[in-house]
Amino acid sequence: MRHGILVRVSVAVVILVFAIGTWVKGGKFDPGWLKFFSAAVLLATIVFALWDLWLWKIRPSQLFPGVPRRIGGTWKGTLTSFWEDPATGRRAAPKTVYLVVRQTASLVSVKLLTNESRSASSLAAVSTVDGTSELAYLYLNRPDPRFEEGSRMHHGSTVLSLSGEPVSRMRGRYWTDRDTRGELNFHQWTAEFIDDFDEAQSVFDKRV
């Protein structure tokens, strides 16, 4: 819906500018421009769709300022929790996790898969400020029923710094509304979108 409105407004502005230009130069307004409105909207819609789904990904486009870094696919990494067991004072060992990123030029969605739960983003964005690119998102974590007793559903946020050209590593931290936090480090990537922990583990194990 948002893109449709943007296309129509853009086309209307272009046609209006041409019509005014014609009127100023010729001394009269030519409404004939309006017959091209539908064709212009269709052409602009196609161009916007091509850009949003594909053109922004190609190497030349990635060099333009304001174009989001391409990180779509499935990433393998580690999650290190800073939470300490009150009884022992020890932290849990780092665990393998998978981050699934679906991305267009205008939208990003993120899923984090672990052996105990999965998180899905409610809001996500890839941005670049002062030469530093980041993926930031808010999420809802839903534990597997087998682990609900020790890990309840919760909300959280994550910020990952992107490095490499193209991006080859993502690293950052997460925070939850349970007053816990930790570190995430992703260093392996596949273009496949894998929404199951065991399947992702199998795919990456075959690549070793």
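A pocket, as the word is used here, is an open set of grid points with protein on both sides within 12 Å along at least five of seven lines. In this predicted model, the second largest pocket has a volume of about 210 Å³. Of the 13 residues that line this second largest pocket, Thr114, Asn115, Ser117, Asp144 and Phe197 are the closest to its centre. The elements β4, β5 and α4 (197–206) each supply at least two residues of its lining, and the residues of that lining divide into three nonpolar, three polar and seven charged.

**Overall fold**

The secondary structure of the protein chain comes to four helices and eight strands, which follow one another along the sequence in the pattern α-α-α-β-β-β-β-β-β-β-β-α. Of the 208 residues in the protein chain, buried residues make up 32%.

**The largest pocket**

The largest pocket has a volume of about 580 Å³. Its lining is made up of 27 residues, and those closest to the centre of the pocket are Leu79, Lys95, Ser151, Tyr174 and Arg178. Two or more residues of the lining come from each of the strands β1 (73–81), β4 (117–129), β5 (132–143), β6 (154–163) and β7 (169–176), and β5 gives the most, with four residues. By residue class, the lining of the largest pocket divides into twelve nonpolar, twelve polar and three charged residues.

**Salt bridges**

The count of salt bridges comes to eight, and three of the pairs are set out in the table with the distance between their closest N and O atoms.

| Pair | N to O distance |
|---|---|
| Glutamate 116 and lysine 95 | 3.7 Å |
| Lysine 111 and aspartate 195 | 3.8 Å |
| Aspartate 144 and arginine 146 | 2.9 Å |

Glutamate 116 forms its salt bridge with lysine 95, and this pair links distant parts of the chain, with glutamate 116 in the loop between β3 (108–113) and β4, and lysine 95 in strand β2 (residues 95–103), 21 residues apart. Glutamate 116 is partly exposed, with a relative accessible area of 29%, and lysine 95 is likewise partly exposed, with a value of 26%. Lysine 95 is also one of the residues closest to the centre of the largest pocket.

Lysine 111 forms a salt bridge with aspartate 195. Because lysine 111 lies in strand β3 and aspartate 195 in the loop between β8 (181–190) and α4, the pair ties together parts that are 84 residues apart in sequence. Lysine 111 has a relative accessible area of 28% and is partly exposed, while aspartate 195, with 26%, is partly exposed as well.

The side chains of aspartate 144 and arginine 146 meet in a salt bridge. Aspartate 144, with a relative accessible area of 27%, is partly exposed, whereas arginine 146 counts as exposed, because its relative accessibility of 63% lies over the 50% cut-off. Aspartate 144 also appears among the residues closest to the centre of the second largest pocket. Beyond these pairs, Arg59, Arg69 and Glu165 are linked in a network of salt bridges.

**A nonpolar surface patch**

On the surface, Leu42, Ile46 and Leu50 form a nonpolar patch, with about 280 Å² of accessible area together. Isoleucine 46, a member of this patch, is found in helix α2 (residues 37–53). With a relative accessible area of 43%, isoleucine 46 is partly exposed, so this residue meets the requirement of over 30% relative accessible area that applies to members of a patch.

**Two positions compared with their partners in space**

Tryptophan 83 lies in the loop between β1 and β2 and is partly exposed, with a relative accessible area of 44%. Although tryptophan 83 and threonine 180 are 97 residues apart in sequence, the C-alpha to C-alpha distance between them is 6.1 Å.

Leucine 160 lies in strand β6, one of the strands that give two or more residues to the lining of the largest pocket. Leucine 160 counts as buried, because its relative accessibility of 0% is under the 20% cut-off. Leucine 160 and serine 133 are 27 residues apart in sequence, and in space they are 8.6 Å apart, C-alpha to C-alpha.

Notes:
Residues numbered from 1 in each chain as written. Predicted model: local features only at pLDDT ≥ 70, side-chain atom pairs only at ≥ 80, totals over all residues. Heavy atoms only, no water. 1 Å grid on protein atoms, 1.4 Å probe; cavity = no way out; pocket = protein on both sides within 12 Å on 5 of 7 lines; lining within 4 Å. Points joined across faces, edges and corners; volume = space filled by probe spheres on them. Nonpolar A, V, L, I, M, F, W, Y, C, P; charged D, E, K, R; others polar. Patch = residues over 30% accessible without salt bridge, like charges linked within 9 Å, V, L, I, M, F, W, Y side chains within 5 Å. Areas by Shrake-Rupley, 256 points an atom, 1.4 Å probe, with all protein chains shown as cover. Salt bridge = Lys/Arg side-chain N within 4 Å of Asp/Glu carboxyl O. Buried < 20%, exposed > 50% of the residue type's maximum accessible area, 1.4 Å probe, protein only.
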